[in-house]
Amino acid sequence: MSKVQPSKKFDPAFVIRKSFVSMFIVFTFVAYAIHEQLINPNGSAPANASARPMPNNSEANAPTDLSPTLAPTQYAPGVLLPTSMPTIAPTAVIPTVASGQYKDGQYTGSSANAYYGMVQVKTIIQGGKITDVQFLSWPSDRRTSQRINSQAMPYLTQEAIQAQNAQVDIISGATLTSRAFIQSLQSSLNSAKA
Amino acid sequence: MLQTRMLMGMPITVEIVDPAASQADFGAVFDYFHVVDARFSTYKDDSEITFINKGMIQLAQASVDMQTIFALAEQTKQQTDGYFEIVRNGFIDPSGIVKGWAIYNAAELLRQRGFTNFYVEAGGDIQAFGHNAHGQRWQVGIRNPFNPLEIVKVIAIAEGGVATSGTYVRGQHIYNPKASSSGMDEPITDIVSLTVIGPNIYDADRFATAAFAMGRTGIEFIEAVDGLEGYLIDSAGQATLTSGFERYVSHVQTH
């Protein structure tokens, strides 16, 4: 009965060997994670969409694509940016774990120059996911560039018109005057002449 | 105190809440519109603009007001990438800028007389100051372009201008000046109404007119101009709102 059972239990060499194997496995995982991070620093991070140029602005932002329900904060930050936009602070959204999730917190992007003015966003991360994108600034002096924006701005919203029964002081509408009719008639006649 | 008069081919309404308002104050406003109409009406044979259109006088010899309007029209044309144009088929019609300019000046006239709570409205375009008779911001309804007896939105403004450009029940009246110059004389048909809220009626009116001529993208132009908000209604009854429009929407149901 006096076998060497205890010797196995307390064999220092076995413990050390086992520790080395464990450490090697852990090290391998860590090294692999670091390697992956170096090869592909942004991984498959969806947050990187904020830094990705829009592949096709005209298609993605055609006026007819305006969603009726999208409020400004529900837009992905990338939608705002024209193709030539500088990236929005990539350091702010690089994930800190290899799983592709984000570290919770609030991340302010760098102020980016859209051709109609400066744009800056703040991204809120909770539970590893983007929960909100806030616009800290958008073109503040838009009067300086009163050119037509070929790209639909993402802050526009839509709704179906609905009759209201409220009392009002004044009504704004296109004038329904006889003059308008005459003007229309006159222009149509001018066209007919040409 | 509220009065309405038919002038410039449209109803013009003035309401002054301040108790000091007298008939003379309303008279001064209506007289001003009458003078403007006499000078700028293309429907009068003896107006200054008709003389210019007939080549009887040159712009250099024209009145200060006329030269001002031409300069403002040119400036607006440049600010709207050419979508604002007072010349059509060789005929000069500056009414697209005269109306907002005249309402603005009429309101300034009342301000100089010391009034702080009033509005001046001409053909659906409004310059407001202060509050209404109930102490609220002025409640402005946007007319349903498909049913003139209905309103589809109520906005509240204190100081500012509200202008609506649109097509009419009996036919379109706004054309894309760029398409005209390229030979495609197509009226705007896919949108029916564009309401613009601005810091004053002059800006609201001229930019509403230009943006309407842009068609669907006009609402993006309004979005891009600082200080303007817009409510666009398309031919399907769908409205598009600029990002800051909601803060003007009134939820007051009754006085």
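## A walk through helix α3(B) and two sheets shared by the chains

Start by selecting residues 64–79 of chain B: this is helix α3(B), 16 residues that reach 22 Å from the first C-alpha to the last, close to the 22 Å expected at 1.5 Å a residue. Bear in mind as you click around that the model is predicted.

Now show side chains for M66(B), I69(B), A73(B) and T76(B), the buried residues of this helix. Look down the axis of α3(B): these buried residues fall within an arc of 90°, so they line one face of the helix. Swing round to the other side and you'll find V64(B), A71(B) and Q78(B), which are exposed.

What sits over the buried residues of α3(B)? Turn on α1 (23–40), α2 (48–53), α4 (95–112) and α6 (201–213) of chain B, which are included in the cover. Before moving on, check D81(B), just after α3(B), for its positive phi of about 60°.

Next stop: the open sheet of three strands. Select β6(A), β7(B) and β8(B), which lie in that order with mixed pairing. β6 (170–172) of chain A and β8 (147–157) of chain B stand at the edges with a single partner strand each, so one side of each has no neighbour in the sheet. From one strand to the next, the twist averages 35°. Zoom in on β7 (138–144) of chain B, which pairs with β8(B) in the antiparallel sense over seven bridges. Pick W138(B) there, and you'll see I157(B) of β8(B) standing opposite.

Now for the open sheet of nine strands. Follow the order β5(A)-β12(B)-β11(B)-β10(B)-β9(B)-β6(B)-β5(B)-β2(B)-β1(B), with antiparallel pairing. Which strands stand at the edges here? They are β5 (157–160) of chain A and β1 (2–7) of chain B; each has a single partner strand, so one side of each is left without a neighbour in the sheet. Direction ignored, neighbouring strands are turned by 15° against each other on average.

To see where the chains join in this sheet, select β5(A) and β12 (238–241) of chain B, which pair in the antiparallel sense over four bridges. One pair to label is T157(A) with its bridge partner in β12(B), L241(B).

Finish with two helices that pack on this sheet. Bring back α1(B), which touches β1, β2 (10–16) and β5 (118–122) of chain B, its direction making about 15° with that of β1(B). Then add α4(B), touching β2, β5, β6 (125–129) and β9 (160–166) of chain B; the direction of α4(B) makes about 25° with that of β6(B).

Note on methods. Residues are numbered from 1 along each chain as its sequence is written. Chains are lettered from A and ligands numbered from 1 in the order in which they are written. This is a predicted model: local features need pLDDT of at least 70, side-chain atom pairs count only at pLDDT 80 or more; totals for chains, interfaces and linings use all residues. The expected span of a helix is 1.5 Å times one less than its number of residues. A residue is buried if 20 or more other C-beta atoms lie within 10 Å of its own, exposed if 12 or fewer, and partly exposed in between; C-beta atoms are placed from the backbone. The arc is that of the directions from the helix axis to the C-beta atoms. Two residues are in contact if their C-beta atoms, placed from the backbone, lie within 7 Å. Two strands pair if DSSP finds at least two bridges between them. Axes are lines fitted to C-alpha atoms, for helices over the stretch in contact, and angles run from 0 to 180 degrees between N-to-C directions.
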